[in-house]
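User: Please take a close look at one part of this chain, a single loop residue, and then set that part in the context of the whole fold. I would like one connected account that I can follow along the structure.

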Amino acid sequence: MPLARSLSVTSLSGLEDWDEEFDLEDAVLFEVAWEVANKVGGIYTVIQTKARLTAEEWGENYFLVGPYVESNVRTQVELIEPTNPILKRTIDKMNASGCKVYFGRWLIEGSPYVVLIDVAFTAWSLDRWKSELWENFSIGVPWFDREANDAVLFGFLTAWLLGEYAAQCEEPPHILAHFHEWLAGLGLMLCRRRQLPVATIFTTHATLLGRYLCAGKVDFYNNLAEFNVDKEAGDRQIYHRYCLERSAARCAHVFTTVSQITAIEAEYLLKRKPDIITPNGLNVKKFSAMHEFQNLHAKSKNRIQEFIRGHFYGHLDFNLDKCVFLFIAGRYEFSNKGADIFLEALARLNYLLRVNHSDVTVVAFFIMPARTNNFNVETLKGQAVRKQLWDTAQTVKERFGKKLYESLLVGQLPDVSKMLDKEDFTMMKRAIFSTQRQCQPPICTHNMLEDSSDPILNCIRRIGLFNCSADRVKVIFHPEFLSSTSPLLPMDYEEFVRGCHLGVFPSYYEPWGYTPAECTVMGIPSISTNLSGFGCFMEEHIADPSAYGIYILDRRFRGVDESCNQLTSFLFQFCKQSRRQRIIQRNRTERLSDLLDWRYLGRYYISARHMALAKAFPDTYMYEAQDPTSSSGFRYPRPASVPPSPSLSRHSSPHHSDDEDERYDEDLEAEKDRVNIRQPFPQCLPNMPKWGRLILELSTE
């Protein structure tokens, strides 16, 4: 099933502005999600980073709606009185009727207004609302599913809020409500059922059934048309959740999803084709370090090297200057996130590096939170030993410096044999003896609660990567989110990513993929797949992604073993790059940042909102889909200079020598790339037949 070109847009400087402007003075936008001021997963990042752009567009008429979680409100929200008189009357009326609704500003960039609803306070209405849900939609929610119960409470309270707001308006209101994911979907369904004057948008960031099916190790994408969705959802005891998600998608005026690969999935599982693709962006300014990002990489890499020195004390028989740091990070879904294929590829890479007598050592980090009870004692000891060695070296250095200084003061060259006395040698010998180790460096930095059944540890036992001296690939499993306050690896995630050389995300199920996107805006090359939204987006907008440090692994049309071999090849070729080649590649990767900026990708949310307003209020708003050929942006070409991959090198590429003094003008290289930027094939309308697309493509050649 080939992927069609989506309606998403690239984002290069020089892209024409859209002439799509609506009069929003009389309209109000409510954006509803369970992750407003409540971090659970990736939707939190979407809403948080997009808030500034949306607040600039809607001003005082933009309100985020989410659950009231006291621990989050204390640190993220400033509670204030509602500034909108209609909303103030609405909240007062709801509070007087037995609800607890709070209003404030979310303390993030853009400072958007938030309406937070305490779902627990109205739990006494749960049975009544469940009965209404069954009578109106024939959806039954079991008592033991707490998350679904919260969705019922949140949905009815959200619909109550929107209905009350409409009732408080003196003139017919133009309300737009954007609902994210199934947890917020019931509010949308009730708005349509009660025929409220509300234009509705539903965005699915990942389908429930798709995530469950992929976790079950089925051939998901090649059998989408064959699944009995009702039976599959029932077998997994999520039928009620699936019904809420599917009903919300079918009821919405406008249905959107985050990538073309998820659009195909939604069409088969939710039985509706998305009206528009709304790719996820980032606030690139947050990560922008101008030309300093190479220096930031060096500083962060040095901090990672310090951790490595402690972790591998007693077995530090490899050159850290010829060490390549790889990492995978995200939710601990062993197969969905591709940790299984990554480990298998590391085992094959280890063999290739050994048989080729490579002097490169690879350290692969797995940053995936799991159940632990504390730090591993051996890991903590390693960092203590490293610190002790550093203190010893500093003491000897000070004593040596003092003797040298005194010798030079009297006008004599120092006698080197007398610069270090017996006490100094004793201190150094004791420090050396303290580095002796009777065991291998640990794989896991923490004590796992389920060590014997942990998928990553069991896979490592099977492939035999135990951090032995003979191994050229070392593995470190860090089952905890990174934090600058950690006594083990005191680095924030952003700082850690900057210090690595390559992010590896060979996901089988990844509707978008923020981790490779974050790598890109920080100038770090990454590996993703053609089953991730990010990978498909980059394939669509870059003529030669690997030349820009974006490696796309084929997991759609290849078997597991073939995909593993391709991933091994990517890793092996990356390890063969010289330092200069990696610098060139990082520069190119960082230049793709604008592709992922909300300043450009946010316009697809704008388009979806305008489409919904036109459908709900046709007498007031009109919407015509723009000609894709005028706003499809640009397609990044292959770089003017040959890409820095050794396997693809030609006569003009960097030499395969250790000479790092070869001149390289980054500004000149960037200008060459910009000059060669060309527009892609015109993006066809969704209903255009294949022969029509073929004619358009041929006409542009």
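Analyst: Asn 84 lies in the loop between strand E3 and helix H3 (85–96), in what is a predicted model. Although it sits in a loop, Asn 84 counts as buried, because its relative accessibility is 12% and the cut-off for a buried residue is under 20%. Leaving out residues up to four places away in sequence, Asn 84 touches Asn 61, Phe 63 and Tyr 165. Its C-alpha is 7.9 Å from that of Glu 60, a residue 24 positions away in sequence. The side chain of Asn 84 also reaches the backbone nitrogen of Ile 86, at 2.9 Å.

The strand that leads into this loop belongs to an open sheet of nine strands with mixed pairing, in the order E3-E4-E5-E2-E1-E6-E7-E8-E9. Strand E3 (77–79) and strand E9 (276–277) are the edges of that sheet, and each has a single partner strand, so one side of each is left without a neighbour in the sheet. At the E9 edge, strand E8 (residues 254–257) pairs with E9 in the parallel sense over two bridges, and Thr 256 stands opposite Ile 276 in E9. Helix H23 (residues 598–616) packs on this sheet and touches E1, E6, strand E7 (198–204), E8 and E9, with its direction at about 140 degrees to that of E7. Another helix, H5 (residues 146–168), lies across strand E1 (27–32), strand E2 (62–67), strand E5 (113–117) and strand E6 (174–180), and runs at about 165 degrees to E6.

Two residues elsewhere in the chain deserve a look for their backbone angles. Glu 181, in helix H6 (residues 181–193), has a phi near 70 degrees, a positive value in a residue other than glycine. Gln 237, in the loop between helix H8 (229–235) and helix H9 (239–251), likewise is not a glycine and has a positive phi, of about 60 degrees. As to their surroundings, Glu 181 counts as buried at 11% relative accessibility, whereas Gln 237 is exposed, with a relative accessible area of 60%.

A further sheet, also open, is made of six strands in the order E14-E11-E10-E15-E16-E17, and its pairing is parallel. Its edge strands are strand E14 (473–478) and strand E17 (550–553), each of which pairs on one side only. Neighbouring strands in this sheet are turned against each other by 25 degrees on average, with direction ignored. At the E17 edge, strand E16 (residues 526–529) and E17 pair in the parallel sense over four bridges, and Ile 527 stands opposite Tyr 551 in E17. Helix H13 packs on the sheet and touches strand E10 (323–329), strand E11 (361–367), E14, strand E15 (502–504) and E17, its direction making about 170 degrees with that of E11. Helix H19 (residues 514–521) packs on the sheet as well, touching E10, E15, E16 and E17, and its direction makes about 145 degrees with that of E16.

The nonpolar interior can be described next. In soluble globular proteins, nonpolar side chains tend to be buried together. The largest nonpolar core here has 91 residues, and those with the most contacts inside it are Ile 308, Leu 346, Phe 365, Phe 366, Phe 496 and Leu 571. Helix H13 (residues 339–355) gives the most to this core, with nine residues. Phe 366, if its neighbours within four places in sequence are left aside, is in contact with residues that include Ala 339, Phe 342, Leu 343 and Leu 346, and also Val 475, Ile 476 and Phe 477. A second, separate core has 76 residues, among them Leu 186, Cys 214, Leu 224 and Cys 536.

Taken over its full length, the chain has 26 helices and 17 strands, and 57% of its 701 residues count as buried. Among contacts in the chain with a separation of 6 or more, 75% join residues 24 or more positions apart. The accessible surface of the chain comes to about 31000 Å², with 51% of that area belonging to carbon and sulfur atoms.

Methods: Residues numbered from 1 in each chain as written. Predicted model: local features only at pLDDT ≥ 70, side-chain atom pairs only at ≥ 80, totals over all residues. Heavy atoms only, no water. Pairing = 2+ DSSP bridges. Contact = heavy atoms within 4.5 Å. Axes fitted to C-alpha atoms, helices over the stretch in contact; angles between N-to-C directions. Core = buried A, V, L, I, M, F, W, Y, C linked by side-chain atoms within 4.5 Å. Buried < 20%, exposed > 50% of the residue type's maximum accessible area, 1.4 Å probe, protein only. Polar contact = N/O pair within 3.5 Å; in protein donor to acceptor, adjacent residues only side chain to side chain. Areas by Shrake-Rupley, 256 points an atom, 1.4 Å probe, with all protein chains shown as cover.
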